[in-house]
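User: Could you take a close look at the aromatic rings in this one? I'd like to know how they pair up and what surrounds them.

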Amino acid sequence: MRHTATRALFAHWNEIRPGTAVPDRNDIDPALIGPLLQDVFILGLDPVNGRWTYRVAGTRLTSFARRELREEPFERWWRPDDRQDVKRLLSGIAEDGAPGLGGVAGNAPDHSIHDLSLIHI
């Protein structure tokens, strides 16, 4: 894990989920991870259309995108020929309940390139 925020979030996640794949929703205290929230996004899977969409996106990501991302399909961020692979990866991680980590390079609207970490916990 290259990013400090990723390491800190993963450590917090491990502290609140001893012996289980995921912590109980009530155990997650946003105040304890407040400084990390700008770097975090949460995806949800729409059971009707099978699309992963942003439920929450931190300010760093929305600044990068130059817009609010809530309810936007996650697949829009990927090249058309990569979308099925990403969808399969997310679905597999969600079904297994295991953490997942990936590194990607993202192109911002101003054409700058940024290293990003994707972590599924």
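Analyst: Here is a walk through the ring pairs, then the core and the cavity beside them. Keep in mind that this is a predicted model.

Searching the whole structure turns up six aromatic pairs. Let's start with phenylalanine 41 and tyrosine 54: their ring centres sit 5.4 Å apart with the planes at 65 degrees, and since an angle over 60 counts as edge-to-face, that's the label this pair gets. The two rings come from distant parts of the chain, with phenylalanine 41 in strand S1 (residues 41-45), tyrosine 54 in strand S2, and their positions 13 residues apart. What about burial? Phenylalanine 41 is partly exposed, at a relative accessible area of 24%. Tyrosine 54 is down at 1%, so it counts as buried.

Another pair is phenylalanine 74 with tryptophan 78, again edge-to-face, with 5.8 Å from centre to centre and 70 degrees between the planes. Both phenylalanine 74 and tryptophan 78 are buried. Zooming out, ring pairs tie Phe41, Tyr54, Phe64, Phe74, Trp77 and Trp78 together in a cluster.

Now for the core. In soluble globular proteins, nonpolar side chains tend to be buried together. Here the largest nonpolar core has 12 residues, and its aromatic members include Trp52, Tyr54, Phe64, Phe74 and Trp78. Its other members include Leu43, Ala57, Leu61, Ala65, Leu69, Val86 and Leu90. Strand S2 (52-57), helix H2 (59-65) and helix H3 (83-96) each put at least two residues into this core.

Then there's the empty space. The count comes to one cavity of 30 Å³ or more, and the largest cavity holds about 70 Å³. Two aromatics, Trp52 and Phe74, are part of its lining, along with Gly50, Arg51, Glu75, Arg83, Val86, Lys87 and Leu90. Helix H3 gives the largest share of that lining, four residues. If you're thinking about the chemistry of the wall, the lining residues split into four nonpolar, one polar and four charged. Phe74 is where these threads meet: it pairs with tryptophan 78, belongs to the largest nonpolar core and helps line the largest cavity.

Technical notes: Residues are numbered from 1 along each chain as its sequence is written. This is a predicted model: local features need pLDDT of at least 70, side-chain atom pairs count only at pLDDT 80 or more; totals for chains, interfaces and linings use all residues. Side-chain values use heavy atoms; hydrogens and water are left out. A nonpolar core is a set of buried Ala, Val, Leu, Ile, Met, Phe, Trp, Tyr and Cys residues joined through side-chain atoms within 4.5 Å. Buried means under 20% relative accessible area, exposed over 50%, partly exposed in between (1.4 Å probe, protein chains only). Rings of Phe, Tyr and Trp (its six-membered ring) pair if their centres lie within 6.5 Å; planes under 30 degrees apart count as stacked, over 60 as edge-to-face and the rest as tilted. On a 1 Å grid over the protein atoms alone, a cavity is a set of points where a 1.4 Å probe fits but cannot get out, and a pocket is an open set with protein on both sides within 12 Å along at least five of seven lines; lining residues have an atom within 4 Å of a point. Grid points are joined across faces, edges and corners, and a volume is the space filled by probe spheres set on the points. Ala, Val, Leu, Ile, Met, Phe, Trp, Tyr, Cys and Pro count as nonpolar, Asp, Glu, Lys and Arg as charged, and the others, Gly among them, as polar.
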